[in-house]
Amino acid sequence: MHDDGFHVYDTTLRDGAQQEGLNLSVADKIAIARHLDDLGVGFIEGGWPGANPKDTEFFRHARTELDLKHAQLAAFGATRRAGAKAADDPLVAALRESGAPVVTLVAKSHDRHVELALRTTLEENLAMIRDTVSHLRTEGQRVFLDAEHFFDGYRSNPAYALEVVRTAAEAGADVVALCDTNGGMLPDELADVVAAVAEAGARLGVHCHDDSGCAVANTLAAVSAGVTHVQGCANGYGERSGNANLFTVVGNLQLKRGYDLGVRLGEMTRVAHAVSEVTNVAPSSQQPYVGTSAFAHKAGLHASAVKVDPMLYQHIDPELVGNDMRMLISSMAGRASVELKGRELGYELSGEKAKQVVGRVKELEASGYTFEAADASFELLLREEVEGARTRFFTVESWRTIVERRTDGTLMSEATVKLNAKGERIVATGEGNGPVNALDRALRLALERIYPELSALELVDYKVRILEGTHGTEARTRVLIESSDSTGEWGTVGVQDDVIAASWDALEESVTYCLLRAGHTPA
Ligand SMILES: [Zn+2]
């Protein structure tokens with residue numbers, strides 16, 4: 001465990017899981033907790049045991065299946081009911097029995113919410129906080145308090161909001177996290193409130209939502225104003241516009257403010273993507289620090305300067321967060337970016353060779369190709385230019401596909417491919433829910449016996465675009481395919497008059513690249 005001076009508190013499994021379309025199983029939660037622990041966060045809020053059966057289950061599994069190296073688990077729950085005793089409240093009992101060393105209690109701090117939502121008196125709300133915090137403390141758990149709607153409450157009744165903070169701290173809460181539950185605050189006003197509350201003497205934390213687009217900025221402003229506990233979610237998950245992105249917060253604090261939070265930033269890009277694999281939410285390529293575009297350069301002019309000194313055009317060295325500088329290949333790119341991209345792939349391109357590649361790229365782009373999302377196609381092109389021959393593991397004799405509409409109205413596609421690999425002639429047939437799917441199956445069926453690695457190949461995404469014809473030429477079809485195996489993803493492109501032919505080209509390159517990655521030597 002890292003020292004207690006500054007808390008990095010993750011709430012992906014509780015607040016982040018509120019995101020629309022995000023549905024985590026117990027196994028998913030365990031997997032995400034492991035990734036966050038690997039990264040080195042201090043606290044992982046696992047959910048609300050007692051209130052949510054899946055969360056009760058999570059804490060039970062966590063006891064035997066989670067061997068956390070850095071983080072401590074926190075159970076989230078509410079203060080006792082009005083008019084009862086904390087010791088007799090079944091929901092408080094569930095927190096006690098969760099086995100979590102830390103309990104984070106949510107309490108109302110906005111007077112109108114106490115009266116309208118909780119339907120109790122302001123006095124009783126304070127008693128509920130006092131009783132529940134001190135009960136859990138006596139039973140041996142560490143207690144943090146989330147002061148819900150704190151900033152709006154402070155605006156409505158500052159004296160009462162402050163009283164909530166004081167009551168919790170006096171009852172033994174180690175941290176009172178001020179929550180911008182509605183997410184509408186702006187950094188300067190939020191910082192003013194934090195500074196005023198800091199005088200109450202309690203250790204403060206902050207929990208921000210991104211409804212004004214300021215969750216990260218608000219969190220940083222709160223840190224400047226004195227909080228020593230920050231809450232947030234992996235990849236900024238959360239309901240509505242999301243919670244503060246914990247990765248961005250931590251990147252900023254460690255790299256720009258010099259905090260040592262014990263977070264292994266070099267693992268951050270990997271962890272961000274691993275978590276999005278589990279949540280099945282496509283990662284944003286533009287996400288600060290960890291997005292695939294976060295350090296990608298496009299313009300040619302720009303690229304020549306990047307070659308001289310990369311730090312002229314990036315705010316940090318991408319390696320610090322486990323990301324890398326990716327050069328996008330586009331018609332704007334000049335020789336410098338091709339040389340750089342070549343070096344990234346392990347090729348030293350002489351001036352003449354680089355010029356030749358730029359020529360090829362421009363020519364292909366003019367006929368409809370794009371390499372920005374087709375890194376694998378670009379690498380194959382580069383290899384061809386450098387080695388003087390196309391990388392091939394098989395040669396295609398022919399392929400064909402048919403689509404059949406049956407009397408019952410269903411559609412069925414079938415494809416046959418004929419090819420030669422390792423001196424063998426292979427004929428294979430595949431069926432699928434469409435002609436491209438059938439071709440993909442037939443191609444793999446033909447090659448899998450010789451190259452078993454292909455069974456791990458998956459098509460992740462398939463995009464078709466019809467390109468307008470220009471200068472009297474016909475419209476053409478561009479297909480982009482995103483593929484993956486167990487260790488990474490790559491993109492390929494095909495451009496033809498016909499959509500199936502374009503798809504075949506992209507498929508063939510995807511399979512070729514997969515075999516290259518697997519370490520095979522071209523035939
Ligand atoms: Zn929240």
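Helix α17, formed by residues 499–517, lies across strands β9 and β10 and runs at about 130° to β9. This arrangement belongs to a predicted model, and it offers a convenient point of entry to the sheet beneath the helix.

That sheet is open and has 3 strands, arranged in the order β9-β10-β11 with antiparallel pairing. Its edge strands are β9 (395–405) and β11 (424–432), each of which pairs on one side only. On average, neighbouring strands of the sheet are turned by 10° against each other, direction ignored. Helix α16 also packs on this sheet, where it touches β9, β10 and β11, and its direction makes about 145° with that of β11. The pairing of β10 (residues 411–421) with β11 is antiparallel and extends over 9 bridges. Within this pairing, K418 has V427 of β11 as its bridge partner.

Helix α16 covers residues 435–448 and contains R444. Is R444 buried or exposed? Its relative accessibility is 12%, and R444 therefore counts as buried, since the limit for that class is under 20%. Apart from neighbours within four places in sequence, R444 is in contact with L454, L457, E458 and L459.

The chain as a whole may now be considered. Its secondary structure comes to 17 helices and 14 strands. The C-alpha trace spans about 80 × 60 × 45 Å along its principal axes. Of the 523 residues in the chain, 52% are buried. Among contacts between residues at least 6 apart in sequence, 66% join residues that are at least 24 apart.

For residues 6–269, UniProt lists "domain: Pyruvate carboxyltransferase" in an unreviewed entry. This span is 43% helix and 17% strand, and its end C-alpha atoms lie 22 Å apart.

Several strands with parallel pairing come next. Strand β2 (residues 43–47) pairs with β3 in the parallel sense over 4 bridges, and G47 stands opposite A75 in β3. Strand β3 itself comprises residues 72–78; 5 of its 7 residues are buried, so the strand is largely enclosed by the rest of the structure. Strands β3 and β4 also run parallel and are joined by 5 bridges, with F76 standing opposite T104 in β4. In general, the strands of a sheet pair through backbone hydrogen bonds, either parallel or antiparallel.

Strand β4, residues 102–108, is mostly covered, with 7 of its 7 residues buried. In a regular strand, side chains alternate between the two faces of the sheet. In β4, V102, T104, V106 and K108 point one way, while V103, L105 and A107 point the other way, and all are buried.

The model also contains a zinc ion. Which residues are its protein donors? They are D15 (OD), H207 (NE2) and H209 (NE2), which lie 2.0 to 2.2 Å from the ion. Along the chain, the donors follow the spacing D-x191-H-x1-H. D15 lies in the loop between β1 (7–10) and α1, whereas H209 lies in the loop between β7 (204–208) and α9 (215–224); the pair therefore ties together parts that are 194 residues apart in sequence. D15 counts as buried because its relative accessibility is 5%. H209 also counts as buried, at 3% relative accessibility.

Helix α11 comprises residues 268–279, and its 12 residues reach 16 Å from the first C-alpha to the last, close to the 16 Å expected at 1.5 Å a residue. Its buried residues are M268, T269, V271, A272, A274, V275, S276 and T279. The elements that cover these buried residues include α1 (26–39) and α10 (246–256). After α11 comes N280, whose phi is positive, near 65°.

A further helix, α13, spans residues 335–344 and is mostly covered, as 7 of its 10 residues are buried. These buried residues are A336, S337, V338, E339, L340, K341 and G342. Just after α13, G346 takes a positive phi of about 95°.

Definitions and conventions: Residues are numbered from 1 along each chain as its sequence is written. This is a predicted model: local features need pLDDT of at least 70, side-chain atom pairs count only at pLDDT 80 or more; totals for chains, interfaces and linings use all residues. Side-chain values use heavy atoms; hydrogens and water are left out. Helices (H or I, at least four residues) and strands (E, at least two) are DSSP runs, numbered from the N terminus. Buried means under 20% relative accessible area, exposed over 50%, partly exposed in between (1.4 Å probe, protein chains only). Contact means heavy atoms within 4.5 Å. UniProt positions are given in the numbering used here, feature names are shortened, and annotations may be inferred rather than shown by experiment. The expected span of a helix is 1.5 Å times one less than its number of residues. Donors are N, O and S atoms within 2.8 Å of the metal (3.2 Å for Na, K and Ca); water is not among the atoms, so sites may look incomplete. Two strands pair if DSSP finds at least two bridges between them. Axes are lines fitted to C-alpha atoms, for helices over the stretch in contact, and angles run from 0 to 180 degrees between N-to-C directions.
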